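Please open the model in your viewer and keep the sequence panel beside it. The stops below follow one another as a series of selections.

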Amino acid sequence: EAPETAEASESDAAEADAAAEAEAPDEDAAALKAQVESLKAALEEKDNRVKRLQADFENFRRRTSKEREELANVVTQDLLKSMLPILDNFDRAMAAEQKDNESVQKGVEMIYTQLHETLKNAGLELIDTAGQKFDPNKHQAISTVDSDAEPNTVVTVLQKGYLLNERVIRPAMVMVAKAKNA
């Protein structure tokens, strides 16, 4: 009986191996299916996160654009509000009966000074030009002229130039001394 038992044992072992091999593909398939589902879930989560970040960025862009517009409006409003007294003075000067040119001149000078101070307080600066070396970043040369001044020096200012917070907003229109022919 022992040989038969050994044969039966071998046969049972072979059947068990075959059954294990048959179950192994099912287990592998189930594991792969679970892994695929896990990866799909992770991908969907990442996709949703990307969509939320895109929406957040778009909202941020809209909000900063709106804030920039509001700030520009406030700055413009403040500047115009500070210029209203100057406009009032012009209105008074125009309405006043002018009999004497000296008082008119004095009134215009006072209004000019007030306007100049208002613009200066807003950050406007006059570009220093007369007698300075020509600087293409601050000056716009209209012509060159014969002069006793050093060559490439501003000799005449035709229109003042201005800086706003150290940035040129209008270059000065100037005439520049040309080099003397020896």
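With the whole protein selected in a secondary-structure colouring, you should find two helices and six strands, where helices (H or I, at least four residues) and strands (E, at least two) are DSSP runs, numbered from the N terminus. Read from the N terminus on, these elements follow the order α-α-β-β-β-β-β-β. This is a predicted model, in which local features need pLDDT of at least 70 and side-chain atom pairs count only at pLDDT 80 or more, while totals for chains, interfaces and linings use all residues. Residues are numbered from 1 along each chain as its sequence is written, and side-chain values use heavy atoms, with hydrogens and water left out.

Staying with the whole protein, switch on the surface: the accessible area is about 14800 Å², and 54% of this belongs to carbon and sulfur atoms, as computed by the Shrake-Rupley method with a 1.4 Å probe, where for residues only the protein chains shown count as cover. Of the 182 residues, 9% count as buried, a term that means under 20% relative accessible area, with the 1.4 Å probe and protein chains only.

Next, select residues 124-126, 162-164 and 167-170, which are strand 1, strand 4 and strand 5. These three strands form an open sheet in the order 1-4-5 with antiparallel pairing, two strands being counted as a pair if DSSP finds at least two bridges between them. Strands 1 and 5 stand at the edges with a single partner strand each, so one side of each is left without a neighbour in the sheet. Neighbouring strands here are turned by 40° against each other on average, direction ignored; the axes behind this angle are lines fitted to C-alpha atoms, for helices over the stretch in contact, and angles run from 0 to 180 degrees between N-to-C directions. Strand 1 pairs with strand 4 over three bridges, and Glu125 has Leu163 as its bridge partner in strand 4.

Now move to residues 139-145, 154-159 and 172-177, which are strand 2, strand 3 and strand 6. Their open sheet has the order 2-6-3 and mixed pairing. Strands 3 and 6 pair in the antiparallel sense over four bridges, and Gln159 finds its bridge partner in Met173 of strand 6.

Finally, centre on Thr129, in the loop between strand 1 and strand 2. Is Thr129 buried or exposed? Thr129 is buried, with a relative accessible area of 7%. Show its contacts (heavy atoms within 4.5 Å): not counting residues up to four places away in sequence, Thr129 touches His139, Val154, Val157, Ala172 and Val174.

Technical notes:
Buried means under 20% relative accessible area, exposed over 50%, partly exposed in between (1.4 Å probe, protein chains only).
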